[in-house]
Amino acid sequence: MPTINDVMEMAEALESAAVVAAVDRCVAVRNRNSTCRKCVDVCIADAIEVGNNELTISNSACVACGSCVAVCPTAALISLDPMAEDLAVEAAGALRAAGEGRAVFACARMAARNIGDPDKYAAVPCLGRMVEDDILDLAANGASEVILVDGTCKTCKYRATGPAIDATVATARTLMDAQGCSMPVTRTSEFPPDVVGDTMKAIGAARRGFFTSAGSMAKDVALTAAEKAMADVLHQRQDAKMATLRERLGVGKKGSLPQFEAERNLRLLDAMDALGACEAPIIDTRRFGWVSIDPTDCVGCGMCVMFCPTGALRWAEEEEVKPQDVKFRPGVLSSVVGDDDEEDPGRRAVEFSAADCVQCNLCADACLRHCVSVSSAVPSAELFDFEPRLLEVSRPSKKPRLFDRRS
């Protein structure tokens, strides 16, 4: 049974973190040559540091705007205030309550003014926390409009997130336009008239929300303290050792680092599919990427496949590129030279799936020959195609031996 000291110790250890990092997903942790610093660039509080295979967040500096969560291509940053699931539930409730199929979101500053009916909108610390997935999910579920309410007060500590919010809205509109969906997404500084509610009701809801969250936090602290006490009894603290970066991210049998599913991409594609058939030949956004490899400069090192975090690039099952592959994907693969040719060791195929590409650019950053390029413009037919595109790469040339009898 945990003592009061255990509870107090754990309470002191718990910081008011609004965002936590899944560091092994961060491309800058996976490879120090990564140029991705999107979270650092968008952070208005300079609370994030990236470098030397490390990603750190200063919870004391973080202002909980959530913009870093929205821009991270690999979902390495996870919002706790609010969590994605909680936001989805609030959004669904607001969609039902607001009427006319509208979904209203308001920033904390607007919510604190207690002029809106709390049952008719979903509150977030800052609209920078909103992601395209949330907006498209609402469109797919029949929303007629999404309204984002964030005051234009110049003293707001979140005011610098404006460009990040605009980028999210622009991306959502591009994806909806591609599917022929005309649902408007509106940013405004005032609540819609029918969302304005009784002031006392809003104040009471705010207080109830405070005590509910406080009780939940106390429960979490007690649970964590119990887990700590059990670990002490079993001496797990003494025996457990933190795995090194090499142990966590070592190359597996398939020639790549541990990979994870591009869940956000799949969620977006599901919502887009629900909206109807794609009408745009090219979709140009920050959410999907299109990879090409110049086979004339490629030396077959496999670094692009090794470091791809989502498996968008994989070695083809048939390692040797065959003539029928050229016919199947015209213009992608060239002629094949056998392994016995000393001047050209031959070609092999890499599969690329646009649906899994998160445009993190790590394949290009890791390429030793700079022959890999990533574009934000993706052919829609390829994005919704279950068959991957084949890319041609060279086989590594045979290394000369110290004593070569043929020389």
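This is a short tour of a predicted model, stop by stop.

**Stop 1: the whole chain**

Show the protein chain as a cartoon. It holds 16 helices and 15 strands. Now colour by burial. Of the 407 residues, 43% count as buried. Turn to the contacts between residues with a separation of 6 or more. Residues 24 or more positions apart account for 79% of those contacts.

**Stop 2: a hairpin**

Select residues 48-51, which are strand S2. Add residues 54-57, which are strand S3. The two strands run antiparallel, joined by 4 bridges. Pick Glu-49 and look across to S3: the bridge partner of Glu-49 is Thr-56.

Which side chains of S2 are buried, and which are not? Show them as sticks. Ile-48 and Val-50 point to one face and are buried. Glu-49 and Gly-51 point to the other face and are not buried.

Now move to the turn. S2 and S3 form a hairpin with 2 residues between them. Asn-52 sits in this turn, with a positive phi of about 55°.

Step back to Asp-46. This residue is in the loop between helix H3 (38-42) and S2. Asp-46 has a positive phi of about 50°, although it is not a glycine. Is Asp-46 buried or exposed? Asp-46 counts as exposed, because its relative accessibility is 67% and the cut-off for exposed is over 50%.

**Stop 3: the start of helix H5**

Select Ala-84. This residue belongs to helix H5 (residues 84-98). Ala-84 is partly exposed, with a relative accessible area of 39%. What does Ala-84 touch, leaving out residues up to four places away in sequence? The answer is Ser-79 and Arg-129. Draw a line from Ala-84 to Arg-129, C-alpha to C-alpha. They are 9.7 Å apart in space and 45 residues apart in sequence.

**Stop 4: two helices side by side**

Select H7 (residues 132-140) and H12 (residues 263-275). Their axes come within 9 Å and cross at roughly 25°. H7 and H12 are therefore roughly parallel to each other, since angles under 35 degrees count that way. The crossing is left-handed. Show the side chains in the contact. On H7, they include Leu-136, Ala-139 and Ala-140. On H12, they include Leu-268, Ala-271 and Met-272. Charged names appear here too, among them Asp-133 of H7 and Arg-267 of H12.

**Stop 5: salt bridges**

Stay with Asp-133 and add Arg-287. The two form a salt bridge, with the closest N and O atoms 2.8 Å apart. Arg-287 lies in the loop between strand S9 (282-284) and strand S10 (290-293), and Asp-133 in H7, so the pair ties together parts that are 154 residues apart in sequence. Are these two partners buried or exposed? Arg-287 is buried, at 7% relative accessible area. Asp-133 is buried as well, at 2%.

Next, select Arg-187 and Asp-166. Their side chains meet in a salt bridge, 2.6 Å from N to O. Arg-187 lies in strand S8 (residues 185-188) and Asp-166 in helix H8 (residues 162-178), so this pair ties together parts that are 21 residues apart in sequence. Arg-187 is partly exposed, at 33%. Asp-166 also counts as partly exposed, at 42%.

Now select Glu-382 and Arg-389. They form a salt bridge at 2.8 Å, N to O. Both residues are buried.

Finally, select Glu-132, Asp-133, Asp-134, Asp-137, Arg-267, Arg-286 and Arg-287 together. Salt bridges that share partners join them into one network. How many salt bridges does the model have? The count comes to 10.

**Stop 6: a covered strand**

Select strand S12 (residues 347-352). This strand is mostly covered: 5 of its 6 residues are buried. Add strand S15 (residues 389-394). S12 and S15 run antiparallel, and 6 bridges join them. Pick Arg-347 in S12. Its bridge partner in S15 is Ser-394.

**Last stop: His-370**

Select His-370. This residue lies in the loop between helix H15 (362-366) and strand S13 (372-375). Check its backbone. Phi of His-370 is near 55°, a positive value in a residue other than glycine. His-370 counts as exposed, at 67% relative accessibility.

Terms used:
Residues are numbered from 1 along each chain as its sequence is written. This is a predicted model: local features need pLDDT of at least 70, side-chain atom pairs count only at pLDDT 80 or more; totals for chains, interfaces and linings use all residues. Side-chain values use heavy atoms; hydrogens and water are left out. A salt bridge is a side-chain nitrogen of Lys or Arg within 4 Å of a carboxyl oxygen of Asp or Glu. Buried means under 20% relative accessible area, exposed over 50%, partly exposed in between (1.4 Å probe, protein chains only). Two strands pair if DSSP finds at least two bridges between them. Axes are lines fitted to C-alpha atoms, for helices over the stretch in contact, and angles run from 0 to 180 degrees between N-to-C directions. Angles under 35 degrees count as roughly parallel, over 145 as roughly antiparallel, 65 to 115 as roughly perpendicular and the rest as oblique. A crossing is left-handed if the near helix is turned anticlockwise from the far one by less than a right angle, and right-handed if clockwise. Contact means heavy atoms within 4.5 Å.
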